[in-house]
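Biologist: I am new to this structure and would love a close look at one part of it. Could you take me to a single helix and walk me through its surroundings?

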Amino acid sequence: MTLQVENLSGGYGQTTVIQNINFTIPAGSVTALIGLNGSGKSTIINHLIGLLAPKTGSVVLNSHNLAQDPVGFKKQIAYVPEQPVLYEELNLQEHIQAMINIYHLNEKTSWEEATRLLKIFRLDDKLNWFPTHFSKGMRQKVMIVMAFITQADLFIIDEPFLGLDVLAVQDLLTLIDEKRESGASLLITTHVMSTLKAHADQYIYLEQGQIVASGAIDAISDQVPVMLIGEEQTNG
Ligand SMILES: Nc1ncnc2c1ncn2[C@@H]1O[C@H](COP(=O)(O)OP(=O)(O)OP(=O)(O)O)[C@@H](O)[C@H]1O
């Protein structure tokens, strides 16, 4: 259940954006990927989900190599993008059902879990709502619920805290803890370290597409700009 990223370099077309990226996310742990705008967080994620092909290096999860076995690799991951992607013609219930169908999840237990998560995010009475009626935060919560009902081994979550209110940030942190305790690996990007304090096992700090520091918060905080260490981030 370990994600291993070795010597990963890549980018867009001829342009190399990330270079010599090495890290491991053991099972049952949370890694926070931090860095300023344009430092390469999303580019790393785009390589991990197979949207971009690496120029060098490898990405391996549970012995499934992304380049050699993309289908086997992708079956094990759930991804929550920074910008929610919902189908405007499907209501909330149909979104959950689509997820169950696509991932071949157990119907009964998945709906029980979806109901529990929707209650936590106060969306359980909105099953017949369409995305057009959702606020930005609600859209994000729906994406999180859809990802978290899967039994993925690796959860990749891009900037999950932006747009969530204070209560929802706390709820999401609780759910992140649950996944971590169940043995999943989680990779979460954020601009501010403090939100994940007490929830992340390691931090990876990027500058211009390269890892400048990595490790526990105390070990790297003197190598990271103060504004990234920051205060609790809430953008309700
Ligand atoms: N589609 C693209 N084509 C070419 N270059 C890109 C593309 N997307 C991003 N880049 C470049 O790659 C670099 C890293 O961008 P990336 O989006 O990975 O940063 P980020 O750390 O996720 O930033 P942010 O915090 O703003 O989301 C930037 O220089 C950016 O201009």
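**Around helix H1**

Modeller: Happy to! Before we reach the helix, here is a small landmark to warm up on: strands S9 and S10 form a hairpin with two residues between the strands, and Gln-208 there has a positive phi near 45 degrees. S9 covers residues 202-207 and S10 covers residues 210-215, and the two are antiparallel, joined by five bridges. In that pairing, Tyr-203 faces Gly-215 of S10. Please keep in mind that this is a predicted model.

Now to H1, the part I would like to show you. Six of its eight residues are buried, so the helix is largely enclosed by the rest of the structure. Those buried residues are Lys-41, Thr-43, Ile-44, Ile-45, His-47 and Leu-48. Just past the helix comes Gly-50, with a positive phi of about 80 degrees.

What surrounds H1? Let us start with a sheet. Four strands make up an open sheet in the order S2-S1-S4-S5, and their pairing is antiparallel. S2 and strand S5 (64-65) are at the edges with a single partner strand each, so one side of each has no neighbour in the sheet. Further in, S1 (residues 3-12) and S4 (residues 56-61) run antiparallel and are joined by five bridges. If you want a place to look along that pairing, find Glu-6, which stands opposite Ser-58 in S4. H1 packs on this sheet and touches S1, S2 and S4, with its direction at about 70 degrees to that of S2.

There is another sheet to visit. This open sheet has six strands, in the order S6-S7-S8-S3-S9-S10, and its pairing is mixed. Its edge strands are S6 (77-80) and S10, each of which pairs on one side only. From one strand to the next, the twist averages 15 degrees. Within this sheet, S3 (residues 29-34) and S8 (residues 185-190) are parallel partners over six bridges, and Val-30 is found opposite Leu-186 of S8. H1 packs on this sheet as well, touching S3, strand S7 (154-158), S8 and S9, and its direction makes about 145 degrees with that of S7. The hairpin we began with belongs here too, since both S9 and S10 are listed in the strand order.

Finally, let us turn to the ligand. Which residues lie around the ligand? They are Tyr-12, Thr-15, Val-17, Gly-35, Asn-37, Gly-38, Ser-39, Gly-40, Lys-41, Ser-42 and Thr-43. Two elements give two or more residues to this shell, strand S2 (15-25) and helix H1 (41-48). H1 gives the most, with three residues. Sorted by class, the shell holds two nonpolar, eight polar and one charged residues. Lys-41 and Thr-43 make a nice pair to click on: they belong to the shell around the ligand, and they are also among the buried residues of H1.

To bring the tour together, H1 touches S1, S2 and S4 of the four-stranded sheet, touches S3, S7, S8 and S9 of the six-stranded one, and gives three residues to the shell around the ligand. With those neighbours in view, you can return to the helix and find each of its buried residues in turn, from Lys-41 to Leu-48.

Key. Residues are numbered from 1 along each chain as its sequence is written. This is a predicted model: local features need pLDDT of at least 70, side-chain atom pairs count only at pLDDT 80 or more; totals for chains, interfaces and linings use all residues. A residue is near a molecule or strand if its C-beta atom, placed from the backbone, lies within 6 Å of it. Ala, Val, Leu, Ile, Met, Phe, Trp, Tyr, Cys and Pro count as nonpolar, Asp, Glu, Lys and Arg as charged, and the others, Gly among them, as polar. Two strands pair if DSSP finds at least two bridges between them. Two residues are in contact if their C-beta atoms, placed from the backbone, lie within 7 Å. Axes are lines fitted to C-alpha atoms, for helices over the stretch in contact, and angles run from 0 to 180 degrees between N-to-C directions. A residue is buried if 20 or more other C-beta atoms lie within 10 Å of its own, exposed if 12 or fewer, and partly exposed in between; C-beta atoms are placed from the backbone.
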